[in-house]
Amino acid sequence: MIASIPSAVRLGVDGRPVRVEVHVANGLPGFTVVGLPDAAVRESRDRVRAAFASTGLPWPRRRITVNLAPSGIRKGGAGLDLPIAVGVLVASGAMAAESVAGHAFVGELGLDGSLRGVPGVLVLADALADFRLVVADEDGPEASLTGGTCLAAPSLTEVVARCTGRRPWPAIAAPDPAGAVAAGGHDHLGDLADVRGQLLARRALEVAATGGHHLLMVGPPGAGKTLLANRLPGILADLDPETSRTVTRIHSAAGETRSTTALVRRPPFRAPHHGLSAVAMIGGGSGGHRPGEIGLAHGGVLFLDELGEFPTAILDALRQPLEDGVVRISRGQGSTTCPARFLLVAAMNPCPCGVGGLPGACRCSPAARARYARRLSGPLLDRFDITLRIDRPAGAELVGRGAEESTSVVAERVAAARERARAREVRSNAELDVSSLDRHAPLDTRAAELLERRMRSGALSARGLHRVRRLARTVADLEGAPPTVGVRHVAEALTLRGSRALMLGEEAR
Amino acid sequence: MTPDDELACAAALVGLGGMTPVRLARLLDGHGPVTAWRAVAAGTHPADRAHRFRAEARTVEPSAVVQRYRAAKSRVLLPGRPGYPPALVGDPGAPAVLSASGDPSVLEARPAVAVVGTRSATRYGVRVASDLGRGLAEAGVVVVSGLASGIDAAAHAGALAAGPGAAPPVAVVGTGLDVVYPRENARLWAQVVDRGAVLSEAALGTPPRPRVFPARNRIIAGLSDVVVVVECHGRGGSLHTVEAAARRSIPVCAVPGAVHSPASVGTNGLLVDGCIPVRDVDDVLVALGMAGGAPTVSVPDHRAHARVDSGPSAPVDRLERVVWEAVGSEPTSIESVLLRTNLSLATLSGTADTLVRRGLLVEGAGWWSRT
């Protein structure tokens with residue numbers, strides 16, 4: 001007898017449909033799996049057999065061959081346990097083929113026959129949208145986010161009982177995929193009202209959130225760089241429905257949604273440690289191109305603390321995704337793309353001694369400072385529209401200051417400014433292309449004069465000019481979005497842009 | 001045994017690997033360079049019983065070494081021979097062999113003042129060092145410094161900016177005379193060679209190594225009649241110079257700085273310890289005994305300062321005034337100005353830009369200061 005059960009495996013952020021073909025024939029009893037299974041799939045033989053034994057289901061004492069089609073792609077993960085088990089039951093005649101017609105199966109089996117969830121079930125469900133998908137109970141809500149028909153069961157015996165009609169399928173407490181509430185939020189990251197002073201940094205965060213401008217904070221240890229970066233996602237607007245779906249898929253594919261039963265609505269915040277590998281940052285690896293940190297940060301914030309400590313190769317690998325908004329991963333198993341459009345926020349010390357800043361304060365030799373600065377490639381540093389210096393708050397100047405604005409107040413301003421910017425039909429001002437700058441961000445006479453003066457003095461390059469103009473557009477959006485960008489907006493943009501010297505902690509003479 | 005042989009052998013000794021000022025002084029203590037060189041090569045020198053230098057000495061031809069000095073447009077100076085700075089004769093730490101580019105005789109019959117300080121100087125320090133360098137050179141005083149970045153470079157640049165007839169500057173460097181360090185001072189280095197002299201006790205080709213600079217500082221102190229520290233941190237190379245000067249009973253002057261400025265911690269500390277405060281070149285000349293010590297608190301000076309505060313170049317616009325006052329007299333970060341004025345960043349940036357354009361403020365990397 002032969003059975004063919006639909007299932008799927010994950011590659012990158014996509015599901016690939018797989019047919020699990022089971023052939024049971026006379027011959028020496030045996031159990032082989034062919035069709036490029038990886039170690040987890042080969043081990044599924046033992047799990048499936050144990051599950052049969054402990055639940056009392058009949059195990060055919062014959063020769064069993066499992067083929068995973070198409071045989072050309074490598075299959076990984078334990079999600080094929082359930083389709084293999086169902087295939088064995090059908091092929092051995094213990095279950096009627098009609099009872100599983102139109103069904104697809106994804107799930108891992110325990111030795112006692114219980115059914116466990118698998119990471120990335122959302123993307124697998126997407127690939128199996130044409131079928132009635134049977135998954136583990138814990139995967140039910142996530143799989144049903146696709147809007148397709150989804151069935152959930154706690155164990156292999158229940159799957160058999162429900163498929164054969166002996167017991168009914170209970171309804172899944174499915175969240176409404178469109179109106180799901182914010183989950184995996186980051187209220188724990190703190191409120192802006194807790195930050196005392198830091199007026200410049202607050203403003204920079206607001207501008208960065210409004211225009212999608214990458215932000216670099218330079219300052220000594222303990223100045224509050226991490227504290228501030230943590231508060232950035234709070235002032236970002238909710239994800240739009242399309243991005244929300246993409247982000248949920250990516251997080252599902254990476255196995256990061258196990259406790260989540262709804263679409264991710266809030267922008268993610270990723271803060272990887274600088275000890276991570278290139279694969280962990282970019283994505284890939286033998287485990288089916290798991291999305292990396294930049295994929296997981298899609299739609300949200302990627303925060304790189306201690307930027308200077310990250311290996312140069314990893315930082316340079318960020319440049320292409322920063323440009324294209326997607327990352328392409330090509331490995332032996334094939335090539336996948338993963339969306340990776342994120343707001344890059346980085347923090348670093350100005351120099352090895354960490355003091356830098358005001359003239360005369362730093363004790364590093366010029367050579368040591370230059371060496372430190374060389375660790376970051378110019379092209380990467382160029383991506384930061386905003387560079388600012390963060391200092392430890394000066395106690396005396398904070399005395400008598402009331403509480404600062406809270407996250408919700410700033411978030412409202414950001415949302416209002418983004419609303420005004422929507423007419424420009426780009427995701428954010430940071431993506432305005434050079435040719436449309438004159439149309440969307442025309443300069444008034446004094447603003448043009450100011451920029452020209454900076455360019456003549458050599459303080460501003462041609463590329464820097466475009467970045468300052470985009471930044472000025474965002475500043476103007478926050479001030480009610482006048483059609484023309486004024487001198488005050490340009491002046492603020494120039495201040496926010498900072499200078500390369502900030503990173504070197506040196507005095508510009 | 002010609003004088004040339006002596007210079008050649010001395011240069012060859014300096015160039016041996018592992019040579020330090022102390023070892024060199026021991027090798028040449030009581031021996032002429034030629035005798036010492038032959039003894040080292042033969043392995044019979046009482047100060048080189050371990051034969052540390054013997055193997056290398058046998059492979060070196062002194063005349064070839066001196067040839068290299070000539071190619072580098074420099075010469076070897078020995079105590080008691082022409083060119084060796086008279087101030088170092090009898091100095092307890094006098095280098096047994098010096099090399100010089102330019103004309104070392106400029107040190108003869110002229111007073112010399114060391115102007116030294118930190119490499120990470122503030123604008124204030126750079127300005128004071130440059131003013132002192134220029135004023136001293138114009139008064140006929142040789143400015144001695146180390147050609148490092150920051151204060152040293154500013155002092156040399158000031159001395160070079162003095163008009164014709166001014167005293168030439170002299171630099172004492174820690175590297176070999178053919179190794180220009182830091183490279184950004186290459187032009188300054190060439191100008192000092194041109195007008196005055198650059199001295200070094202290191203062999204040609206010696207790279208910048210941390211230990212050569214404190215040793216160099218004792219020569220700076222030894223050459224000078226007065227040492228002026230313009231700016232220095234709590235710890236630093238300038239304090240080596242001060243220590244060396246104190247050991248030789250050479251007067252040490254210090255330029256006062258803001259008590260909050262990290263670059264003035266060392267100098268302010270020196271003043272507390274009793275060093276002579278220096279405001280301008282006249283104060284240094286008094287310390288040198290070259291000026292009468294007339295009262296230097298001059299009333300017009302104060303008026304001049306008052307004029308800066310309310311004169312025609314001061315900000316007139318109310319907003320400009322608020323910003324200018326918030327910046328204060330020291331470099332102030334953008335954050336501090338924001339906190340002090342409560343202005344929006346756009347307003348502050350625009351106003352500050354106007355002030356910069358009118359020459360009232362200077363913009364740095366993340367800070368402003370008054371000019």
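**View 1. Strands β1 and β2 of chain A, paired in a predicted model.** In this predicted model, β1(A) and β2 (residues 14-25) of chain A run antiparallel, with ten bridges joining them. To get your bearings, look for I5(A): its bridge partner in β2(A) is V20(A). Zoom out a little and the pair turns out to belong to an open sheet of four strands in chain A, ordered β1-β2-β4-β3, with mixed pairing. What stands at the edges of this sheet? That would be β1 (2-11) and β3 (30-34) of chain A; each has a single partner strand, so one side of each is left without a neighbour in the sheet. From one strand to the next, the twist averages 20 degrees.

**View 2. Helix α2 of chain A on the sheet, plus a cis proline.** Here helix α2 (residues 81-91) of chain A lies across β1, β2 and β4 (63-69) of chain A. Its direction makes an angle of about 30 degrees with β2(A). In the loop between β4 and α2 of chain A sits P70(A). The peptide bond leading into P70(A) from A69(A) is cis, and its omega is near 0 degrees.

**View 3. The largest nonpolar core and a busy residue in it, V106(A).** This core has 163 residues, and the members that touch the most other members are A85(A), V106(A), L133(A), A204(A) and V490(A). In soluble globular proteins, nonpolar side chains tend to be buried together. Which residues does V106(A) touch, leaving out those up to four places away in sequence? The list runs S7(A), A8(A), G79(A), L82(A), V118(A), V121(A), L124(A), L133(A) and V135(A). Another core lies apart from the 163-residue one; this other core has 101 residues, including C9(B), L147(B), A148(B) and L223(B).

**View 4. Helix α9 of chain A and its surroundings.** Start with a quick check on the helix itself: α9 (residues 241-253) of chain A has 13 residues and, at 1.5 Å a residue, should span 18 Å, which agrees with its end C-alpha atoms being 18 Å apart. The buried residues of α9(A) are S244(A), T246(A), V247(A), T248(A), R249(A), I250(A), H251(A), S252(A) and A253(A). What do these buried residues pack against? Their partners are β1, α3 (121-127), α4 (140-143), β13 (290-291), α11 (293-296) and β16 (334-339), which belong to chain A. Just past the end of α9(A), G255(A) takes a positive phi of about 70 degrees.

**View 5. Strand β14 of chain A, covered on both faces.** In β14 (residues 301-304) of chain A, V301(A) and F303(A) are buried on one side, and L302(A) and L304(A) are buried on the other. Two strands to look for beside it are β11 and β17 of chain A. Strand β11 (residues 269-270) of chain A runs parallel to β14(A) and is joined to it by two bridges; R270(A) has L302(A) as its bridge partner. With β17 (residues 343-348) of chain A, β14(A) pairs over four bridges, again in the parallel sense. In that pairing, V301(A) is matched with L343(A).

**View 6. Where chain A meets chain B.** How many residues are in contact across this boundary? Chain A puts in 34 residues, and chain B puts in 31. On the chain A side, α6 (199-211), α21 (487-497) and α22 (500-504) each supply at least two residues. The largest share comes from α21(A), with seven residues. Sorted by class, the side of chain A that touches chain B has 16 nonpolar, nine polar and nine charged residues.

**View 7. Backbone oddities in the loops of chain B.** For context, chain B has 16 helices and twelve strands, and 51% of its 371 residues count as buried. Its C-alpha trace spans about 85 × 45 × 40 Å along its principal axes. In the loop between β5 (170-172) and α8 (186-195) of chain B lies P182(B); the peptide bond from Y181(B) to P182(B) is cis, with omega near -10 degrees. Two residues other than glycine have positive phi values near 55 degrees: H51(B) and S249(B). H51(B) is in the loop between α3 (33-42) and α4 (54-59) of chain B, while S249(B) is in the loop between α10 (237-247) and β8 (252-254) of chain B. Are they buried or exposed? H51(B) counts as exposed because it has 12 C-beta neighbours inside 10 Å, and S249(B) counts as exposed because it has 6.

How values were computed
Residues are numbered from 1 along each chain as its sequence is written. Chains are lettered from A and ligands numbered from 1 in the order in which they are written. This is a predicted model: local features need pLDDT of at least 70, side-chain atom pairs count only at pLDDT 80 or more; totals for chains, interfaces and linings use all residues. Two strands pair if DSSP finds at least two bridges between them. Axes are lines fitted to C-alpha atoms, for helices over the stretch in contact, and angles run from 0 to 180 degrees between N-to-C directions. Two residues are in contact if their C-beta atoms, placed from the backbone, lie within 7 Å. Ala, Val, Leu, Ile, Met, Phe, Trp, Tyr, Cys and Pro count as nonpolar, Asp, Glu, Lys and Arg as charged, and the others, Gly among them, as polar. A residue is buried if 20 or more other C-beta atoms lie within 10 Å of its own, exposed if 12 or fewer, and partly exposed in between; C-beta atoms are placed from the backbone. A nonpolar core is a set of buried Ala, Val, Leu, Ile, Met, Phe, Trp, Tyr and Cys residues joined through C-beta atoms within 7 Å. The expected span of a helix is 1.5 Å times one less than its number of residues.
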